[in-house]
Amino acid sequence: MKFQKNAWYVAAMASEIGADTPLGRRICGEPVAFFRDEAGQVAAVEDWCPHRGAPMSLGRVIDGQLVCGYHGLAMGCDGKTRSMPMQRTRGFPANRTYPVVERHGFIWLWPGDPDKADPALIHDAFWADHPDWAHGGGVYNVKADYLLMIDNLMDLTHETYVHSTSIGQPEIDETPCETRTVGDEVITRRFMEDIPAPPFWRMNMRAAGLPEEARVDRWQICHFTAPSHVMIEVGVALAGHGGYDAPADKKASAIVTDMITPETETSMWYFWGFARNFKADDAALTETIRDGQGKVFLEDVAMLERQQQNLLQWPQRNLLKLNIDTGGVQARRMIERLIAEEAGVADQVASA
């Protein structure tokens with residue numbers, strides 16, 4: 001098993017699931033159909049019609065039931081068939097259902113043992129709906145292993161090369177980073193002092209009322225938490241005012257939000273965003289930043305998809321592990337440990 005199943009993953013943005021239109025999405029290899037009942041609550045069932053195997057997500061929602069678009073079989077939130085034109089449905093097998101929670105503007109799915117699905121374990125995405133924060137983002141379907149995205153986000157030296165016209169600058173790969181594991185979190189930190197701000201941060205400095213040509217202290221603090229979330233504290237402060245700890249009127253800071261959900265072993269759903277706590281009420285600024293970040297992340301997508309193609313072409317080749325890869329390596333080890341622990345429990349149950 002390549003995925004941790006007993007965990008909450010972001011499966012969709014809440015806005016992707018309408019009142020009468022289902023959403024089909026594969027999560028950790030599981031094909032799932034999402035829809036809303038009459039009360040607007042989200043349900044998740046196997047994307048499979050028990051009649052002829054058609055995807056239920058190709059149908060529509062009528063009176064809170066998911067109706068197959070092939071022959072009209074109607075299914076409830078519990079996965080049980082409610083009706084079908086001209087048929088008796090009492091003996092129809094029920095579909096599997098999944099624990100699902102709508103929170104922070106996202107739809108969270110638990111693809112593993114439903115008895116272990118504690119909503120208290122959902123990642124605290126406080127910035128998504130906090131009045132002092134503004135968040136804008138989107139979702140990309142990336143044709144690459146989700147672990148490659150975690151590698152990418154835990155080693156930001158690639159910014160100098162992949163994002164040279166926006167957030168990259170030579171000082172990133174010229175400055176050593178520190179990596180440590182604290183409990184169930186891997187943290188990689190880099191602090192750069194008295195440097196020029198790159199184009200993206202000059203724009204943010206201007207928006208925050210700071211002189212955009214001023215030299216700055218810049219920071220990048222990447223936080224990996226299982227199963228596959230990476231939150232990156234980023235920002236700049238006017239040089240000499242304390243860097244990360246500078247007063248609010250001397251800096252522009254934010255959190256790059258990355259919630260990565262495996263689709264298959266070689267594809268993922270990448271929910272990206274940028275949360276800031278300055279000018280939170282400026283909707284136009286949120287949209288401008290979102291557009292800019294979207295273009296930056298598309299550069300990552302292009303690189304990772306070509307990387308995945310190469311890895312499939314030459315599966316026998318080993319990848320080098322350098323000091324800049326430490327964050328990604330430790331994150332992978334944590335994932336491997338959690339998957340092994342989960343598999344161990346499953347093996348014990350199977351042998352009992």
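This passage walks through the strands, salt bridges, pockets and cavities of the structure above. The structure is a predicted model, so local features need pLDDT of at least 70 and side-chain atom pairs count only at pLDDT 80 or more, while totals for chains, interfaces and linings use all residues. Residues are numbered from 1 along each chain as its sequence is written, and side-chain values use heavy atoms, with hydrogens and water left out.

Strand β3 makes a handy starting point. Helices and strands here are DSSP runs numbered from the N terminus, with at least four residues (H or I) for a helix and at least two (E) for a strand. Strand β3 covers residues 30-36, and 6 of its 7 residues are buried, so the strand is largely enclosed by the rest of the structure. Buried means a relative accessible area under 20%, exposed means over 50%, and partly exposed is what lies in between (1.4 Å probe, protein chains only). Two strands count as paired if DSSP finds at least two bridges between them. Strand β2 (residues 23-27) runs antiparallel to β3, with 5 bridges between the two; G24, for instance, has A33 in β3 as its bridge partner. The β2 and β3 strands form a hairpin with 2 residues between them, and C28 in that turn has a positive phi of about 50°. Strand β4 (residues 42-46) is also antiparallel to β3, again through 5 bridges, and here V32 is matched with E46 in β4. This makes another hairpin, with 5 residues between β3 and β4, where G40 in the turn shows a positive phi of about 90°.

Next come the charged pairs. Side chains of opposite charge can pair when their charged atoms come close. A salt bridge is counted when a side-chain nitrogen of Lys or Arg lies within 4 Å of a carboxyl oxygen of Asp or Glu, and this rule gives 16 salt bridges. One of them joins D145 and K2, at 2.6 Å from N to O. That pair links distant parts of the chain, as D145 sits in the loop between β11 (134-142) and α1 while K2 is in the segment before β1 (9-13), 143 residues apart. D145 is buried, at 8% relative accessible area, whereas K2 is partly exposed at 27%. Another salt bridge pairs D194 with R215, whose closest N and O atoms are 2.9 Å apart. D194 belongs to strand β13 (residues 185-195) and R215 to the loop between α4 (199-207) and β14 (216-225), so the pair ties together parts that are 21 residues apart in sequence. Both ends are partly exposed: D194 has a relative accessible area of 42%, and R215 comes in at 43%. There is also a network of salt bridges linking K5, E30 and R96.

What about empty space? Rolling a probe the size of a water molecule over the atoms shows where empty space is left. The search uses a 1 Å grid over the protein atoms alone: a cavity is a set of points where a 1.4 Å probe fits but cannot get out, a pocket is an open set with protein on both sides within 12 Å along at least five of seven lines, and lining residues have an atom within 4 Å of a point. Grid points are joined across faces, edges and corners, and a volume is the space filled by probe spheres set on the points.

The largest pocket has a volume of about 1,000 Å³. It is lined by 33 residues, with L148, D151, Q307, L319 and R332 closest to its centre. Helix α5 gives the largest share of this lining, 7 residues. By class, the lining has 13 nonpolar, 8 polar and 12 charged residues; Ala, Val, Leu, Ile, Met, Phe, Trp, Tyr, Cys and Pro count as nonpolar, Asp, Glu, Lys and Arg as charged, and the others, Gly among them, as polar. The second largest pocket holds about 290 Å³.

As for closed spaces, there are 2 cavities of 30 Å³ or more in the whole structure. The largest cavity takes up about 180 Å³, and among its 19 lining residues, E159, I167, V256, Q293 and F297 are closest to the centre. Its lining, too, gets its largest share from α5, with 4 residues. The second largest cavity has a volume of about 50 Å³, and β13 supplies the largest share of its lining, 3 residues.
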